[in-house]
There are 4 protein chains.
Amino acid sequence: MEDLQALLDDIHTTLSARDDKGKVATYIPELARIDPAHFGIAVIGVDGTEYMAGDAELPFSIQSVSKVFTLTLALGKHGDSLWNRVGREPSGTAFNSIVQLEFEKGRPRNPFINAGAIAVTDLILSGHKPREAIGEIVNFVRFLSGDDTITTDQAVAKSENATGFRNFALAQFMRSFDRLDHPAEHTLGVYFHQCALAMSCRQLAHAGLYLAANGRNPVSGSSVVSRERARRINALMMMCGHYDGSGEFAYRVGLPGKSGVGGGILAVAPGKASIAVWAPGLNDYGNSLLGTAALEILAKRTGWSVFGL
Amino acid sequence: MEDLQALLDDIHTTLSARDDKGKVATYIPELARIDPAHFGIAVIGVDGTEYMAGDAELPFSIQSVSKVFTLTLALGKHGDSLWNRVGREPSGTAFNSIVQLEFEKGRPRNPFINAGAIAVTDLILSGHKPREAIGEIVNFVRFLSGDDTITTDQAVAKSENATGFRNFALAQFMRSFDRLDHPAEHTLGVYFHQCALAMSCRQLAHAGLYLAANGRNPVSGSSVVSRERARRINALMMMCGHYDGSGEFAYRVGLPGKSGVGGGILAVAPGKASIAVWAPGLNDYGNSLLGTAALEILAKRTGWSVFGL
Amino acid sequence: MEDLQALLDDIHTTLSARDDKGKVATYIPELARIDPAHFGIAVIGVDGTEYMAGDAELPFSIQSVSKVFTLTLALGKHGDSLWNRVGREPSGTAFNSIVQLEFEKGRPRNPFINAGAIAVTDLILSGHKPREAIGEIVNFVRFLSGDDTITTDQAVAKSENATGFRNFALAQFMRSFDRLDHPAEHTLGVYFHQCALAMSCRQLAHAGLYLAANGRNPVSGSSVVSRERARRINALMMMCGHYDGSGEFAYRVGLPGKSGVGGGILAVAPGKASIAVWAPGLNDYGNSLLGTAALEILAKRTGWSVFGL
Amino acid sequence: MEDLQALLDDIHTTLSARDDKGKVATYIPELARIDPAHFGIAVIGVDGTEYMAGDAELPFSIQSVSKVFTLTLALGKHGDSLWNRVGREPSGTAFNSIVQLEFEKGRPRNPFINAGAIAVTDLILSGHKPREAIGEIVNFVRFLSGDDTITTDQAVAKSENATGFRNFALAQFMRSFDRLDHPAEHTLGVYFHQCALAMSCRQLAHAGLYLAANGRNPVSGSSVVSRERARRINALMMMCGHYDGSGEFAYRVGLPGKSGVGGGILAVAPGKASIAVWAPGLNDYGNSLLGTAALEILAKRTGWSVFGL
């Protein structure tokens, strides 16, 4: 393998020069204003070494990448009974589709499409007030990344709360099947805050390091999940982490990953490294265009694909 | 890692004792007669060492496992233009669903659901008579496994041709969208023969070895596909190899795999081994019940999951 | 034609004796308490003559029958521009299905399924506060039936507002496609009140008389809609008035009709009579079981089917 | 009502002048060659009086209009057990959609979409060879219209047999659910011949006269079906006769009708007249554009709509 820092610099230079940067998401007004020219990448090896290039320390809205952390948190609180609420299969439909929910009586296909993540958040809310649940999620992400400065962007959370009609539809629909325990306003209040978490690539890569290192954060020394659970979360990220573009991501990159509409992607090279990349422009599936391209180059040049050298 | 032969023996003993062996497929009359008590497993390391237990040398109908080999063959003949005919995403529906085909104008979601495999077979048929295409497929599988005794079971092929109405529906439907080049009778004539290939676990594991060894069969020394293509075929197997149970297989086993309705599964541990297992009883998704259980135990005890040690 | 009063008495006697009265709707708690033994029928001829049998003067919750009146009101206010918001085709799906809404980008198939009726109510709300819109609807129904004592049942409206998650999902979903102008809470506040209108068969039959008499109420002498619009509303009732049981109703009864989950049905025999029937038990499509049976007998014995003598 | 002949002449003149004549169906090669300028209309009163304008005596391919006659024939042979094979509800989807068939396990929604008509034809085939069944259908239509010169256009039948992949898909799909008793080739052989019946507007209006006259052909004096069955067939035509444009046809025309992709429409004014119109250009739903317009004018000026004067 070539020198990793030189590789990141090369990826940054190559991709920054591309004209087609994809389209910044417009359905959340606050996100629509982000400059599509941003590009950051951070790789943390399982030995804790950091490699970075570009805007790797600039915070962005992690959006759906947060679903990996709330799933981890909810599994810790509820164990495998969580799977009574949500499945483990790719959806074959868009991130916000409601069709599958009707055919499958309100049970979302997996925890990484919107409906599934809302169901997971509803579990975290159990026995809490929304504000407490938000606090618990923020604290958990701070713990994962070892960085107490991480916060949620209130303007983004508010913006989503005012315009997230589709998410309200998903929540109300699940509630009509008795699949949520709390009023849609409460569950979504928490959900929109978790999506509004602002993190840099560096912070995000640190937060995901436990998934690359068999469940234990090698920097802090904390045990986050069991070895088996880390493996399983990685499997879910591989199968469902990029909505209806998950097959394409597996084909091109070959790493478990989770994307967010803010342009961030967290990818995991098991036993090797945690990787976070950010480029705000999206492809047709709602995944970062240049972020995916960066990971494709990185996986090819490092041989980190889980599917062969 | 423990001793592999002892592990296979242990898996064989443990699973043979289970009462619930799943249900043998009944929709193909010839397959309905198979004794559900059969169980075989074969593992071939990338160094060529063989490990076997149970009915590992008894031939069975490999059915959809053949789709891995026809995809490999068709990619060799047509290159990436193959992807104009078929996608690379999980389907989110049953193996024989026609709904997605209507919504997506006759383009199957991936080469491992029935419609997609039929589209791939149609490409192999290009410029050939059906009989020649069947010969080419049989020869290719013999080449992959290094075993010239492999044949198709004519009774099974005939049985499927007489009762495979759903596959005829899929083929005619694709033809109505101009997605097949040949009459349904011709393409399905070839397709039913490839599904009727009779192979033992040992033969099947040998045939899949190139996928565990970066595209090259280390036993014969033959180069089958490029390193990159091997990786990509593995990715497709992981994402789509078990129909609408692919997520569950990834979650439990964590290896690229392809199942057949005859009860066989081919699984790949990249860089380590090729594995074939056979147990005729199926679970609700049409995948081998005990075969999946065997692979779950094997992956756990060997640490071969691609998602972490 | 036989004597109409004797016929109604006969229908009442015959159907009251039936054991299978269908199932009272349970998803609205207030409706679940209604005694399934109620049965009422009222026929008002276009000359104004009244015929009644059973509980014809007992008010019940008209629920979706109200959609005929709100459609009439909204067409009066917005004219044919209403059809930009909602289609005119049978849905082929259940009354509360959301699947079609996703496939057709938030435009409901017709004004008589829930989503379509909510879109119509949203138009009535234009320029009003919810309370004013409710008042306008109540006044319009009083005007149609010539009876100022008609009111909404506040307990039913409140009950639906607290449990109508599916309707909230439909409204939020349409709002995500910019198909509603008002917050879901406002539009549904009005919608639940229109559904909670409490009317007797006698009042309901009077209210629908304009549809049997070319748009003009022959009792009050008021012109309600044009001749052409009356015809068109009747056509819509025939095609879409009984959700996914509309074909069955046309086949058996042969009259334009609109059912409600409270067990009421308004049917129109153009040029002859307006008919209201009430029996709270429902069939599998959510339409009154005995009410449909009553109308089938009535249509057969009177020869009022629009499809032939 | 104004003078009927003058009205037809006026309709003919008005519509012939229209520039937008719709698009002639191209998916059946033989039909693609028809001149879109043709326009014919024939009205036969229940007293047997004939009114005609334009190309009313020129034969055209009646295509799906034949489904009314095969339904009538099959009901005569099998009675209401026919409804075990096919439903009575509008489909909410296109004429050749296969999606509903999968969701409803191979049972077509109604006898007027392609799948349903194929299921009806399969019943007519019972106990016959295909050639005999074709003969029986031709003879039945000759009997209905009182005209022994009616034949099928072999070139059209052959053309459809060679290119009707979608219909083969529908048939094979139903057969996979055991919903057809005969090989797809046999059932479709008959089906394509019934669709290829060549009739003029005059012949077609005569053939449909029994539906306007309570089941009895007043010209020949023959009893075709019971009064009740005539009514029910009319109801089915109203609800399902124009595929996913049935609601629009009911709204605009208000008469039971059945369209064919050859540009013909048979409409029934119960108790008044049988009407056939032909104009080859189609609208977006596959129904004759000018034919529908002609019927709308006719219904409006005669007051024949079943939904009010």
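Which share of the interface residues of chain D are also interface residues in chain B, and through what surface do the copies meet? I will come to that after some context. This is a predicted model, and I will cover two contacts, B with A and then D with B.

Start with chain B and chain A. About 3200 Å² is buried between these two chains, and 53% of that area lies on carbon and sulfur atoms. On the chain B side, the residues that lose the most area to chain A are Arg231(B), Tyr251(B) and Phe307(B), which together make up 26% of what that side buries. In residue terms, chain B puts in 34 and chain A puts in 34.

Now the polar part of the B and A contact. There are 6 salt bridges between chain B and chain A. One of the pairs joined by a salt bridge is Lys300(A) with Glu228(B), where the closest N and O atoms are 3.3 Å apart. Across this interface, 16 residue pairs are in polar contact. Three helices of chain B, namely α12 (227–240), α13 (246–252) and α14 (289–302), each supply at least two residues of the side that touches chain A. Of the elements on that side, α12(B) gives the most, with 9 residues. Sorted by class, the side of chain B that touches chain A holds 13 nonpolar, 9 polar and 12 charged residues.

Next, chain D and chain B. A turn of 180° with a shift of 0.0 Å along the axis lays chain D on chain B, with an RMSD of 0.0 Å. That is how a two-fold axis relates copies. In chain D, Ala169(D) has the C-alpha nearest the axis, 2.0 Å from it.

Back to the opening question. The share is 93%: that part of the interface residues of chain D are also interface residues in chain B, so the copies meet through the same surface.

The numbers for this contact are as follows. Chain D contributes 15 residues and chain B contributes 14. The two chains bury about 1400 Å² between them, with 68% of it on carbon and sulfur atoms. Between chain D and chain B there are 2 salt bridges. Arg166(D) and Glu102(B) are joined by a salt bridge, at 3.4 Å from N to O. The polar contacts here come to 8 residue pairs. On the chain D side, α4 (99–103) and α8 (165–176) each supply at least two residues, and α8(D) gives the most, with 8 residues. By class, that side of chain D has 8 nonpolar, 4 polar and 3 charged residues.

How values were computed
Residues numbered from 1 in each chain as written. Chains lettered and ligands numbered in written order. Predicted model: local features only at pLDDT ≥ 70, side-chain atom pairs only at ≥ 80, totals over all residues. Heavy atoms only, no water. Contact = heavy atoms within 4.5 Å. Buried area = accessible area lost by both parts, 1.4 Å probe. Salt bridge = Lys/Arg side-chain N within 4 Å of Asp/Glu carboxyl O. Polar contact = N/O pair within 3.5 Å; in protein donor to acceptor, adjacent residues only side chain to side chain. Helix = DSSP H or I, 4+ residues; strand = E, 2+ residues; numbered from the N terminus. Nonpolar A, V, L, I, M, F, W, Y, C, P; charged D, E, K, R; others polar. Least-squares fit on C-alpha atoms with pLDDT ≥ 70 in both.
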